Amino acid sequence: MSAPTTAPVPTPTAPGGLPLVGHGLRLARDPLPFISSLRAHGSVVRIRIGPTPAYVVTDPALTRRVLVADAAHFTKGGRYNDALRVFLGDGIATVADGDTHLRNRRLMQPMFNKAHIAEHGDAMIEQVRTMVGAWTAAEPRDVLADMNEITLAAFLVAVFGADLPAHLEGEFTALMPDIMKGTIRQVVLPPWMTRLPLPANRAHADRVARLRTLIDQAIDHRMDGTAPGPASADAASGAGACPYAAEAGRRRSGLFETLIGAEDQLGRRQLQDETITLLAGSIETTGTTLAWALYEIAGNPAVERRLREELASVCGDRPLRHDDIDRLPYARRVLREAIRKYGVIWMVTRTAARDIVLGGHLIPEGADVMWSPYLHQHDSTRFPDPDSFDPDRWETDGAADTRGSFLAFGDGRRKCIGENFAWVELQIVLATVLQAWPRFEVTSPPPRAQAVITVEPDALAMEFRADAAA
């Protein structure tokens, strides 16, 4: 391969690397402060994970080059992606670039167009309203656990229909947090350490195997539920149609129909991988965003007041409907600001497909290239006072200058396919909590942000009350 025509600039190396483990311990112990510190060393900074170098891109303009303009030279891969593949398999988020990714994305795209999502919006609202309304008033609640449980339930209703066995949902909720912690451990520790037969490594493998078993059961249940029987045949022909059978069919239907219809093209293993990918995305990113949003709302009375006024002007005294969502722009700005302030994903990796110069620095072929939405979204040159929570920074007149630095959903051909679904689910849950509970407050000390797969609150308890604030 020919050498670059322009002499590259030496790439600075982050201080604090240790023998054998490099910067792995820093990433494991205090990842957010460490990642944030790299901006001061340059637009591209070299770190080591064990003996292996990685190149962290701290300039969002260069990250957009990696994701868009030069995407062909920065392929899906790297330590983070490899660790995710342990439990996601070759789902759309982790499969290598090429014909397989393009085919699967095209097969799945209809699941996430707005019209298709809208068909299941009211069923999601009904599920969320039932769960939120069942909370005990004035009882401290683990908000992150609640939000993960609710977003998972709404996802399962939308994707599989409303008749999935309860034990599957319960095990999904219990398994995912530990799987995510095990995954990030595999990212930041040297490869030789993650391959040892240590209890933590074995436990992670066992959890991933159990998750696949549960996914298989969910797929079997859903596919069995679509088999036409006498009642459904009568309903289809219009002869002797039973309204109860029709209702059961409606509740069974879900976005998963798209994937079932494509099983002959995807294969069973690929069907599992795509389902797990959707499941992981639905719990971690949306649940974490909602937990942080509720925390910020509880501490900002003016924000809460505007949210409640907007909701009342759209819905009055009636419950939320799916067609209300587009008429709640301030709620969307609040959620966008929660995503901006807390990440939500803190690290993404690619692999350099060839020697390439990025920002004047030579990235060698095969090297890991890392970027952090959390880092970019705390850049004070693009987001003034980045540690403050300010939904108004997303008003139309001020948002254009920061759009290129807001990369929580990625960009380019690998941009998150489920972004439309995520926004709908986020707004449904937030609006439903506000309607169900006139007052809520934080009852635990201010949470610290901790980087797992997403940037989670380490501990966040809140009480929800039926009486309005004075």
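**Exercise 1.** Determine whether Leu198 is buried, partly exposed or exposed in this predicted model.

*Solution.* The relative accessibility of Leu198 is 31%. Buried requires a value under 20%, and exposed requires one over 50%. Leu198 therefore counts as partly exposed.

**Exercise 2.** Locate Leu198 in the chain and identify the nonpolar surface patch that contains Leu198.

*Solution.* Begin with the secondary structure: Leu198 belongs to the loop between helix H10 (191–194) and helix H11 (199–225). Next, consider the surface: Leu198 forms a nonpolar patch with Trp192 and Leu196. Together, the three residues have about 260 Å² of accessible area.

**Exercise 3.** Describe the largest nonpolar core and state which helix gives the most to this core.

*Solution.* The largest nonpolar core has 114 residues. The members that touch the most other members are Ile47, Met147, Phe172, Leu211, Leu279 and Trp346. Helix H8 (residues 143–160) gives the most, contributing 12 residues. A second core, separate from this one, has 12 residues, among them Ile356, Leu358, Ile363 and Ala367.

**Exercise 4.** Establish the strand order of the open three-stranded sheet, then find the bridge partner of Phe440 in E12.

*Solution.* The order is E4-E12-E9, with antiparallel pairing. Strand E4 (141–142) and strand E9 (439–442) each pair on one side only and are the edge strands. Turning to the contact between E9 and strand E12 (residues 461–465), one finds four bridges in the antiparallel sense. Within E12, Phe464 is the bridge partner of Phe440.

Note on methods
Residues numbered from 1 in each chain as written. Predicted model: local features only at pLDDT ≥ 70, side-chain atom pairs only at ≥ 80, totals over all residues. Heavy atoms only, no water. Core = buried A, V, L, I, M, F, W, Y, C linked by side-chain atoms within 4.5 Å. Buried < 20%, exposed > 50% of the residue type's maximum accessible area, 1.4 Å probe, protein only. Helix = DSSP H or I, 4+ residues; strand = E, 2+ residues; numbered from the N terminus. Pairing = 2+ DSSP bridges. Patch = residues over 30% accessible without salt bridge, like charges linked within 9 Å, V, L, I, M, F, W, Y side chains within 5 Å. Areas by Shrake-Rupley, 256 points an atom, 1.4 Å probe, with all protein chains shown as cover. Salt bridge = Lys/Arg side-chain N within 4 Å of Asp/Glu carboxyl O.
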